[in-house]
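Work through the exercises below with the sequence and the model side by side, and try each task before you read its solution.

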Amino acid sequence: MSKIHTTDKLIIFEDIKSPQELLAFMKKNIAYGFIGKSNRRVYSSKDDMYDNFSNEYFLQSPEELIKSGHGVCWDDAELERHWFGKNGYNFKVFFIIFNKEYENNLPTHSFLAYMERDKWFWFEYSFSVHRGIHEYDSLEDLISDVKKKHFDYAIKHREATIEDEKDLMIFEFEKPKYGSSPQGFVDQAMGGKVITLEN
């Protein structure tokens, strides 16, 4: 199998015509991981990633992500933001976090939602067990479902407890600064609009 050059990948990306094509492009060209800011090394195994994330991670621009072929949900959502914005969609990007006073190992997630034909769609790439395009009658239904799936994942895989659910917060946020450190990205995302759901 011949390797696709970065220039070709960028051209292919620019020619994507639909969310379905974008998802297919990401499946083919982007693996989970990140590129070290000081050593440009690919970090892709879970242990390796967690050990080096705070020191080596930086938020990639869409072009950097396509070139590196490795990103986490924060990077992937910005590639998605770029494509949906360029193609005139009504969309929103969200950040979900367990907002606690102390450091913890609970997961965060960035995701994109877009509107089409009076329906809302969750466009998901990074959260691999839910990868795909999921349809909802309302944005509130979409956010509620993502929040539940995120919490269920945290319980099953990251030792979250039922009590942690009260700390789960969702923010709608604008495009962050590329090159941001993990804390810099989180600060920008949490500077967005807090989303509250009716119970």
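**Exercise 1.** Is strand β9 (residues 168–172) largely enclosed by the rest of the structure or largely open, and why?

*Solution.* Keep in mind from the start that this is a predicted model. The step to take is to go through the strand residue by residue, calling a residue buried when its relative accessible area is under 20%. Four of the five residues of β9 turn out to be buried, so the strand is largely enclosed by the rest of the structure.

**Exercise 2.** Find which strands β9 pairs with, in which sense they run, and which residues stand opposite I170.

*Solution.* Begin with strand β5 (residues 90–98), which pairs with β9 in the antiparallel sense over five bridges. In this pairing, I96 stands opposite I170 of β9. Turn next to strand β10 (residues 193–195), which also runs antiparallel to β9 and is joined to it by three bridges. Here the residue opposite I170 is I195. I170 therefore has I96 opposite it in the pairing with β5, and I195 opposite it in β10, while β9 itself is largely enclosed by the rest of the structure.

**Exercise 3.** How many salt bridges does the model contain, and which parts does the pair K100 and D164 tie together?

*Solution.* To count a salt bridge, look for a side-chain nitrogen of Lys or Arg within 4 Å of a carboxyl oxygen of Asp or Glu. The count by this rule is twelve. One of them is formed by K100 and D164, whose closest N and O atoms are 2.8 Å apart. K100 belongs to the loop between β5 and β6 (109–116), whereas D164 belongs to the loop between α6 (139–157) and β9, so the pair ties together parts that are 64 residues apart in sequence. As for accessibility, K100 counts as buried at 16%, and D164 counts as buried at 9%.

**Exercise 4.** Describe the salt bridges K119 to D137 and K148 to D152, and state where their residues lie in the chain.

*Solution.* In the pair K119 and D137, the closest N and O atoms are 2.4 Å apart. Because K119 lies in strand β7 (residues 119–124) and D137 in the loop between β8 (132–136) and α6, this pair ties together parts that are 18 residues apart in sequence. K119 is partly exposed, with a relative accessible area of 24%, whereas D137 counts as exposed at 57%.

In the pair K148 and D152, the side chains meet with a distance of 2.7 Å from N to O. These two residues are four apart in helix α6, and are thus separated by about one helical turn. D152 is partly exposed, its relative accessible area being 37%. As a last step, follow shared partners, and you will find that salt bridges join K100, D164, K166 and D167 into one network.

**Exercise 5.** Where are D118 and E159 found, and are they buried or exposed?

*Solution.* D118 is found in the loop between β6 and β7, and at 67% relative accessibility it counts as exposed. Although D118 is not a glycine, its phi is positive, at about 60°. E159 has its place in the loop between α6 and β9, and E159 is exposed too, with a relative accessible area of 74%. The phi of E159 is near 60°, again a positive value in a residue other than glycine.

Key: Residues are numbered from 1 along each chain as its sequence is written. This is a predicted model: local features need pLDDT of at least 70, side-chain atom pairs count only at pLDDT 80 or more; totals for chains, interfaces and linings use all residues. Side-chain values use heavy atoms; hydrogens and water are left out. Buried means under 20% relative accessible area, exposed over 50%, partly exposed in between (1.4 Å probe, protein chains only). Two strands pair if DSSP finds at least two bridges between them.
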